[in-house]
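Visitor: Could you walk me through this structure and explain the terms as we go? I would like to hear the reasoning behind each label.

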Amino acid sequence: MAGRQTGRHRRPAEEQATYREVFALGEFRALWAAQALSYIGDQLAQVALAVLVYDHTRSTLLTALVYALTYIPPIVGGPVLSGLADLFPRRTVMIVCDVLRAALVAVMAVVAMPVGALSALVFLVVLLGTPFSAARAAVMPDVLEGDRYVAGSAIANITHQVTQVLGFLAGGAIVAIVGTYEALALDALTFGASAVILVGGLRRRAAPRRRERESLGLLRGTRDGARLVFGDPVLRSLVLFAWLCAFYVIPEGLAVPYAATFGGGAVTAGLLLAAMPTGMVVGSLLFSRFVRPTNRLHAMGWMSMLACLPLIGASVHPPLWWVVALWALSGVGSAYQLVANTAFVAAVPAAGRGQAFGLAQSGILAGQGVGILVGGAAAQVLGPETVVALAGALGLSAAAMLTLGWNQVRGGVIAGTRASPVVVASPSGAGGDELSRAGRSAS
């Protein structure tokens with residue numbers, strides 16, 4: 001892992017952690033509960049905002065623009081604001097972001113406002129999610145050591161995907177029952193509850209860069225983060241693997257017009273949208289529980305190609321259930337992100353995690369937004385099936401090239417993982433040094 005851990009209890013490098021022992025840690029339970037509450041609330045708010053804007057304007061364009069605001073803030077401010085997770089205590093960053101988001105969403109729930117003002121508040125709420133996510137990602141390796149981090153990341157991914165599936169299948173019905181403003185109020189409550197859980201369940205840790213806080217600016221930190229990631233061949237390879245999602249996210253952006261090719265409506269679109277998250281859940285479970293740590297690193301390139309390959313099947317215009325199966329298989333392949341994320345954490349210095357994760361996250365969101373936008377424009381001319389097949393073919397080509405590069409550096413990563421003993425953190429907490437910098441041995 002990235003931070004130095006001290007203590008008497010050691011875990012062999014190839015021993016696999018169980019979900020039970022991860023949930024046995026109180027700090028992880030707090031992080032997980034806060035995450036689950038936020039995801040559930042966000043699913044409700046996403047549907048509620050779309051309904052609210054459409055009811056007020058009857059404009060499909062304005063509704064889509066408000067939805068697009070969920071992508072723009074992390075792209076614009078993500079690399080800069082993520083540095084807050086390295087300059088201030090990460091627990092404090094998460095709690096403050098939760099409190100501010102709860103207040104902003106509460107305003108949307110109780111005050112009727114024009115679309116412009118609503119859009120501004122949505123922008124701020126999503127923008128505050130950037131330092132929160134960076135701080136959460138940066139503190140996770142301090143809470144979970146060794147393969148526990150892999151298991152914990154799998155749990156986090158599964159939680160995200162399950163809430164997405166439930167949101168797609170049930171979000172509209174819930175909003176219809178409780179109302180749009182009431183759904184926004186529930187979202188505000190989830191942020192408040194998340195803050196309370198973090199206050200009680202996550203212990204205080206010092207800021208990684210407290211001595212540099214006065215002299216280190218956020219813009220300089222952003223440049224340092226980019227130099228750190230792209231100046232190292234292992235980190236560069238891993239972050240490009242993460243950004244590969246720009247190709248296989250395109251089908252989700254085309255789910256509604258794709259459903260229309262079968263004569264289906266919202267139910268068919270929901271079925272298609274749920275396919276990839278369901279596959280991701282299955283892939284994460286299988287990959288984290290039944291594949292040994294070093295074998296995951298060997299298989300990552302092949303899994304990334306599996307995330308794209310099934311999409312090419314759209315070119316033969318298969319029936320609906322085949323499409324659902326192909327998209328689910330793509331979701332299984334996308335579980336390689338779990339391995340890329342874990343290896344990324346192991347290679348990044350503890351004091352730079354916030355910047356590095358913020359850069360990676362912003363690139364992911366930018367790629368998803370651009371991919372969906374380009375895919376939607378192309379589908380107007382070529383049709384959704386052709387565009388999905390093209391996305392799969394281009395993604396497969398990119399994954400193959402990344403795999404070739406990864407094969408040249410993964411040996412050092414695996415050697416570093418095997419050579420470094422993994423130890424359980426002591427009560428004193430982790431500092432800024434590194435016990436295992438797997439990526440450095442390949443540099």
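Visitor: What makes the pairing of E27 with R203 a salt bridge?

Guide: This is a predicted model, and in it the closest N and O atoms of E27 and R203 are 3.9 Å apart. The cut-off for a salt bridge is a Lys or Arg side-chain nitrogen within 4 Å of a carboxyl oxygen of Asp or Glu, so this pair qualifies. It also links distant parts of the chain, with E27 in helix α2 (residues 26-57) and R203 in the loop between α9 (180-201) and α10 (218-230), 176 residues apart.

Visitor: Why is E27 called buried, and what is R203 called?

Guide: E27 has a relative accessibility of 16%, and buried means under 20%, so E27 counts as buried. R203 has a relative accessible area of 29%, which falls between the 20% and 50% limits, so R203 is partly exposed.

Visitor: Which salt bridge does R205 form?

Guide: The side chain of R205 meets that of E27, at 3.0 Å from N to O. Because the limit is 4 Å, this pair is a salt bridge as well. R205 sits in the loop between α9 and α10, 178 residues from E27 in helix α2. Both R205 and E27 are buried.

Visitor: How do you know that R101 and D98 form a salt bridge, and how far apart are their closest N and O atoms?

Guide: Their closest N and O atoms are 2.9 Å apart, and that is within 4 Å, so the label applies. R101 and D98 both belong to helix α6 (residues 90-110), where three residues, about one turn of the helix, separate them.

Visitor: Are R101 and D98 buried or exposed?

Guide: R101 has a relative accessible area of 7%, under the 20% limit, so R101 is buried. D98 is at 0% relative accessibility, so D98 counts as buried too. As for networks, salt bridges that share partners join E27, R203 and R205 into one.

Visitor: How many salt bridges does a search of the whole structure find?

Guide: The search finds five.

Visitor: Let's turn to the helices. Why is α16 called oblique to α18?

Guide: The axes of helix α16 (residues 293-308) and helix α18 (residues 336-347) come within 8 Å and cross at roughly 135°. An angle over 145 degrees would count as roughly antiparallel and 65 to 115 as roughly perpendicular; roughly 135° fits neither, so α16 is oblique to α18. The crossing is left-handed.

Visitor: Which residues of α16 and α18 meet?

Guide: From α16 come R296, L297, M300, M303, S304 and A307, and they meet Y336, V339, A340 and A343 in α18. The residues of this contact divide into eight nonpolar, one polar and one charged.

Visitor: And what makes α16 and α17 roughly antiparallel?

Guide: α16 and helix α17 (residues 320-333) pack at an angle of about 155°, with their axes 7 Å apart. Angles over 145 degrees count as roughly antiparallel, so the pair earns that description. The crossing of α16 and α17 is left-handed. M303, S304, L306 and A307 of α16 make the contact with L329, S330, V332 and G333 of α17. Its residues divide into five nonpolar, three polar and no charged.

Visitor: One last residue: why is L127 called buried?

Guide: L127 has a relative accessible area of 18%, and the limit for buried is under 20%, so L127 is buried. L127 is found in helix α7 (residues 115-143). The C-alpha atoms of L127 and L81 are separated by 8.5 Å, while the two residues are 46 residues apart along the chain.

Terms used
Residues numbered from 1 in each chain as written. Predicted model: local features only at pLDDT ≥ 70, side-chain atom pairs only at ≥ 80, totals over all residues. Heavy atoms only, no water. Axes fitted to C-alpha atoms, helices over the stretch in contact; angles between N-to-C directions. Helix = DSSP H or I, 4+ residues; strand = E, 2+ residues; numbered from the N terminus. Left-handed = near helix turned anticlockwise from the far one by under 90°. Contact = heavy atoms within 4.5 Å. Nonpolar A, V, L, I, M, F, W, Y, C, P; charged D, E, K, R; others polar. Buried < 20%, exposed > 50% of the residue type's maximum accessible area, 1.4 Å probe, protein only. Parallel < 35°, antiparallel > 145°, perpendicular 65-115°, else oblique.
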